[in-house]
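Work through the exercises below with the sequence and the 3D structure in view. Each task is followed by a solution in steps.

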Amino acid sequence: VAATLALSAVKQRDRLGYLLFSDSVHRIHPPRPGKAQLHRLLSDLVQYSTVTEPSGSTDPRVAIHAIEALRGRRFVIFLISDFIDHDVPDDLRFVRRRHDVSLLHIYDPIEFGDTMKADPDLLLPVFAPEGGRRAMMKPSLMKEHTLAATRSVLEQAATKYRILVHSISTSDAVGPALGAFLHRKRSLV
């Protein structure tokens, strides 16, 4: 999703900036035009996903404070996350005052017990990047964390902070899913 948004920005001759974070900022590159910035992002995304050690947590407030430190500029911000911990910070009220903010919720249907129609004795391998935990879990144990609950938290944040929220499944084609989101975003302007 991030790479597709970045490619779209470069094709539109917009400046591209990005920030990779978990419980701290791993990479930050202020907006710049051109393909070199796109290549830098793609390289950092690959390096970040294969080299970076998992941390104990993910904290979007870290990203928000880093963005706020870039004074004097206005940005279009896409906060991309699984929001699996319902980690929508109140700090969005600060960043929303100055910037155009959207939350892109990426989810895998298999993570949610309410979407599972599998054998109740089936064991699924699960991995939590935050902390590097691996386990085998029965889909029936995933019932406490539902897609509806996550979407409800995100919709409450959208209303509270007057921001756009869009959910994209890992089973959806990225292009059409982002196209629907951007069409929705344009119609609200």
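**Exercise 1. The largest nonpolar core**

Find how many residues the largest nonpolar core has, and which of them have the most contacts inside it.

Solution. Step 1: a nonpolar core is a set of buried Ala, Val, Leu, Ile, Met, Phe, Trp, Tyr and Cys residues joined through side-chain atoms within 4.5 Å. Buried means under 20% relative accessible area, exposed means over 50%, and partly exposed lies in between, with a 1.4 Å probe and protein chains only. Step 2: the largest such core has 21 residues, and V88, L92, V95 and L103 have the most contacts inside it. Step 3: at least two residues of this core come from each of strand 1, helix 3, strand 3, helix 4, strand 4 (100-107) and helix 5 (147-161). Helices (H or I, at least four residues) and strands (E, at least two) are DSSP runs, numbered from the N terminus. Step 4: as background, nonpolar side chains in soluble globular proteins tend to be buried together.

The model is predicted: local features need pLDDT of at least 70, side-chain atom pairs count only at pLDDT 80 or more, and totals for chains, interfaces and linings use all residues. Residues are numbered from 1 along each chain as its sequence is written, and side-chain values use heavy atoms, with hydrogens and water left out.

**Exercise 2. Two residues of the core**

Determine which residues L92 is in contact with, leaving aside its neighbours within four places in sequence, and do the corresponding task for V95, not counting residues up to four places away.

Solution. Step 1: contact means heavy atoms within 4.5 Å. Step 2: L92 is found in helix 4, and its relative accessible area is 2%, so L92 is buried. Step 3: with those neighbours left aside, L92 is in contact with I64, V101, L103, Y161 and I163. Step 4: with residues up to four places away not counted, V95 touches I64, I67, E68, I77 and V101. Step 5: a C-alpha to C-alpha distance can be added, since L92 and H65 are 27 residues apart in sequence and 9.8 Å apart in space.

**Exercise 3. Helix 3**

Explain why helix 3 is described as largely enclosed by the rest of the structure.

Solution. Step 1: helix 3 covers residues 60-68, and seven of its nine residues are buried, so the rest of the structure largely encloses it. Step 2: the buried ones are P60, V62, A63, I64, A66, I67 and E68. Step 3: these buried residues pack against strand 1 (16-21), strand 2 (25-32), strand 3 (76-81) and helix 4 (92-98). Step 4: take E68 as an example; its relative accessibility is 16%, so E68 counts as buried. Not counting residues up to four places away in sequence, E68 touches F94, V95 and H99.

**Exercise 4. A residue of strand 3**

Is I80 buried, partly exposed or exposed, and which residues does I80 touch?

Solution. Step 1: I80 lies in strand 3. Step 2: the relative accessible area of I80 is 30%, so I80 is partly exposed. Step 3: not counting residues up to four places away in sequence, I80 touches V1, A2, L5, L104 and I106. Step 4: V1 and I80 are 79 residues apart in sequence and 8.2 Å apart in space, C-alpha to C-alpha.

**Exercise 5. Positive phi**

Describe where R13 and R162 lie, and give phi for R13 and for R162.

Solution. Step 1: most residues other than glycine have a negative phi. Step 2: R13 is not a glycine, yet has a positive phi of about 65°. R13 is in the loop between helix 1 (2-11) and strand 1, and counts as exposed at 76% relative accessibility. Step 3: R162 also has a positive phi, near 55°. R162 lies in the loop between helix 5 and strand 7 (164-169), and counts as exposed at 65% relative accessibility.

**Exercise 6. The whole protein**

State how many helices and strands the protein has, and what share of its residues count as buried.

Solution. Step 1: there are six helices and seven strands. Step 2: from the N terminus on, the order is α-β-β-α-α-β-α-β-β-β-α-β-α. Step 3: of the 189 residues, 37% count as buried.
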